[in-house]
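The following exercises are to be worked with the sequence and the structure at hand. Each task is followed by a solution in steps.

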Amino acid sequence: MSKDILNSNFFELFELPVSYAVDLDQVRQQYMELQKQVHPDKFANASDQEKRLSMQQTSWVNEAQTTLKSPVLRATYLLKLKGIDFNLENETTMDAAFLMQQLEMRERLENIKQESDPLAVLDVMAKEIKISTKEMMESFSACYESDQIDDARELIRKLQFMQKASNEINALTADIEDELL
Amino acid sequence: MALIQIAEPGESTTAHQHRLAVGIDLGTTNSLVASVRSGEVSTLPDSDGNHLLPSIVHYAETDVHVGLSAQQYSVSDPLNTIISVKRLMGHGVEDVSIEDAHYSYVFAESESSVPKIKTRSGDVSAVQVSAEILKTLKKRAIETLGDEFEGAVITVPAYFDDAQRQATKDAAKLANIKVLRLLNEPTAAAVAYGLDTGNEGIIAVYDLGGGTFDISILRLNKGIFEVLATGGNSSLGGDDFDYEISQWIIAQSGITNADEPAVKRLLMQQARIAKESLAEKNSVEISINTDADSWLGTLDREQLTELLTPLVKKTLMSCRRALRDAEVENESINEVVMVGGSTRTLIVREMVAEFFECQPLTSINPDTVVATGAALQADVLVGNKPDDEMLLLDVIPLSLGIETMGGLVEKVIHRNTAIPVAKAQDFTTYKDGQTAMAVHVLQGDRELVTDCRSLARFELRGFPPQVAGAARIRVTFQVDADGLLIVSAREENSGVEASVDVKPSYGLSDNEIENMLRDSMEHAEDDMHARSLREQQVEADRVLEALDSALATDGEQLLSQQELDQIKTVQQVLVDVKNDADIAKIEQSIKQLEKACEDYVARRMNSNIKSAMQGHLIEEYSSDAMSKEEES
């Protein structure tokens, strides 16, 4: 059958098994192969219709790559493929202990500039987040494979928190580094 | 309509003809045009052998001068001699005050959202001034190449936002140049560097020009130039260095008439000369003679370092952010390529070397490398290298978002996302019976609307009244390969659709562009007609050739006899009309043929992708072909 890009799911498109664990090297290689086929530069002399199609296909390939590379988006997408509507914006965890932990972290970040070595503190926090993210990803994978959907959902909610915290740490680090430069 | 050229070598029905295309570097200080001729890329000189065209436009009593001939008026007739106009591109009336302090323009009161500079030839916008520069380069290219060229790749700073990109495209339209692609300057430089050295791996391109700064981190691999992240500042460059130096001169000399346009220009000019000399010497004498004052002083490297360090630091902050966005460690950078005239300044080289902990590459010509890269891409885009592996994958420099409640911006597409990209976002109504909705599109990475750049506002009207929260309005942001945004919106329950090209807030309206075009074309209407006719005929030939070649390759496999006959009938119509002098008729016939081929094109695209994606086993192909034959 012909490969219809716009109607392929991201895993089919990148020739990957539908699973949470993805081979990022494969994603990259396949990304390049796809780009060579669909990128608008390959259709600079083509009809408007082909140009439009190429733009849509490339957009789809780009979105697929972004999704497959991101722990949160990939997880959400897997649930979506199972027919579970999961809107990141409307979902929030109710795990009180986890929320408390997040709150404490937020407070620490807010007052980071009062630390004697804020960059070092941020560095430690970033590493902690990386470790717990990895654990959550493994748990998600297990829940997903064994069809424990409610648990999987909860893990995505938490992963989302981790990602936001990580972004915030990055932004703060950048700010402080700028001041030091 | 090229119908995907997959003809085998020697099988093509089209004679391989070299198509002319150029790359244009439209710079703040200098502009260049380059082209690939007999396989060699080079920048094109004017009749006196000058390759760099100073980006200066002088409005004289009777005509317009561009380049060196305009430069001589920079100090003597400052108000009619426009320099560094690139810094005004895509800017609104309220954000030009800084530029005014630098360059002494007089802005006209104007109804337009775009600032207009007062000159003796009337009020001109930055787009019009840029178009004059482009026209000069176009003329130069036609003279050197001996014929019209088909199109141009025009470079823009990677950090240019949508309004600035759109303004550049408008300028090209005004100069009657077909834009094949807007290409980011650091990406263009990477192409020239990569093809020249054959090096692969991760590189950083540090591009500091006259008025803009870009940093791009790219991965080079087998002809693919993948931008991992980009950052920068679209109003920071050598001009700001000159301004700092000029302020120092004012403070040292106590010159009293520094506000006069001619004196401002003189100071900037002397500052620039001093800066350039300090790349070679340890200290330089500066002498300023105005009607009111005169001064003689010395500027040394140490003082220059002190003056410029804060500005160079700003560029390094952008570098750090780009590295972070690219998720690349400093150690993984194989090479730092220096581009742009301002990287000749010693302190820039030193601080960049210290930051990246390596000696940056300064051996390539920082002035010409961008135009060279653009010409190389133009050559590929125009179809001269059908088998070429070269592919440029770029990103959007600044996040795109929409205004939400409370003056906040909700990001829809994040910066450094690979383009083209499309994102849909759903909204709903907050009042019962609401039948319209306003969408405010912004670009930038800050949280507040007031800190981001307003790109456009548009309204979606006419959807049926529903209770609050019931409507589902899906807004789609599509960013194309030029980094330009197209927004469309649709109410999902009723299907009401609205589409806007993002242009307004700081752009020229279509009407304004049209009027400018009409003005500039008034006397050249006949030429225009002849040219458009020829263009349409060339296009018709191209479509016909492409279709013949496609049909010869796989027409019988992909089409039923009936479909084939249908296409051939419409094709014959085009063959019949293409030699008439009726442009509209030819255009219409081309469109009809394209329409008739729509399904066929889609099928070819899919089957092409399929075969390319399946790995290239020759056995597979041949057995496939055989089974097809047996069937038929």
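**Exercise 1: a small sheet in chain B**

In this predicted model, an open sheet of 3 strands in chain B has the order β8-β9-β10, with antiparallel pairing. Identify the edge strands of this sheet, and state which residue stands opposite F107(B).

Solution.
- Step 1. An edge strand pairs on one side only, and this applies to β8 (107-108) and β10 (122-125) of chain B.
- Step 2. Consider next how β8(B) is joined to strand β9 (residues 116-119) of chain B: the two run antiparallel and are connected by 2 bridges.
- Step 3. Within β9(B), the residue opposite F107(B) is I117(B).

**Exercise 2: a crossover in chain B**

Determine the sense in which β11 and β12 of chain B pair, and give the handedness of the crossover that links them.

Solution.
- Step 1. Strand β11 (residues 151-156) and β12 of chain B are parallel, with 5 bridges between them.
- Step 2. A bridge pair can be located in the sequence: A152(B) has V179(B) of β12(B) as its partner.
- Step 3. From β11(B) the chain passes through helix α4 (residues 162-174) of chain B before it reaches β12(B), and this β-α-β crossover is right-handed.
- Step 4. As to burial, strand β12 (residues 179-184) of chain B is mostly covered, with 5 of its 6 residues buried. In chain B as a whole, buried residues make up 45% of the 632 residues.

**Exercise 3: chain A and its contact with chain B**

Describe the division of chain A into domains, then characterise the side of chain A that touches chain B.

Solution.
- Step 1. Chain A consists of domain 1 (5-69) and domain 2 (88-180) in the assignment, and the C-alpha centres of these two domains of chain A lie 30 Å apart.
- Step 2. Confidence should be checked before the interface is read: the mean pLDDT of chain A is 89, and 97% of its residues reach 70 or more. Among the elements of chain A, the lowest mean pLDDT (88) belongs to helix α5 (residues 96-110) and the highest (95) to helix α1 (residues 10-13).
- Step 3. The contact involves 30 residues of chain A and 34 residues of chain B.
- Step 4. On the side of chain A that touches chain B, at least two residues each come from α2 (24-38), α3 (48-69) and α7 (149-180) of chain A. The most are given by α3(A), with 9 residues.
- Step 5. Sorted by class, this side of chain A has 9 nonpolar, 12 polar and 9 charged residues.

Conventions
Residues numbered from 1 in each chain as written. Chains lettered and ligands numbered in written order. Predicted model: local features only at pLDDT ≥ 70, side-chain atom pairs only at ≥ 80, totals over all residues. Buried ≥ 20, exposed ≤ 12 C-beta atoms within 10 Å, placed from the backbone. pLDDT = per-residue confidence, 0-100. Helix = DSSP H or I, 4+ residues; strand = E, 2+ residues; numbered from the N terminus. Domains from an automatic or database assignment. Contact = placed C-beta atoms within 7 Å. Nonpolar A, V, L, I, M, F, W, Y, C, P; charged D, E, K, R; others polar. Pairing = 2+ DSSP bridges. Right-handed = clockwise from strand over helix to strand, strands pointing away.
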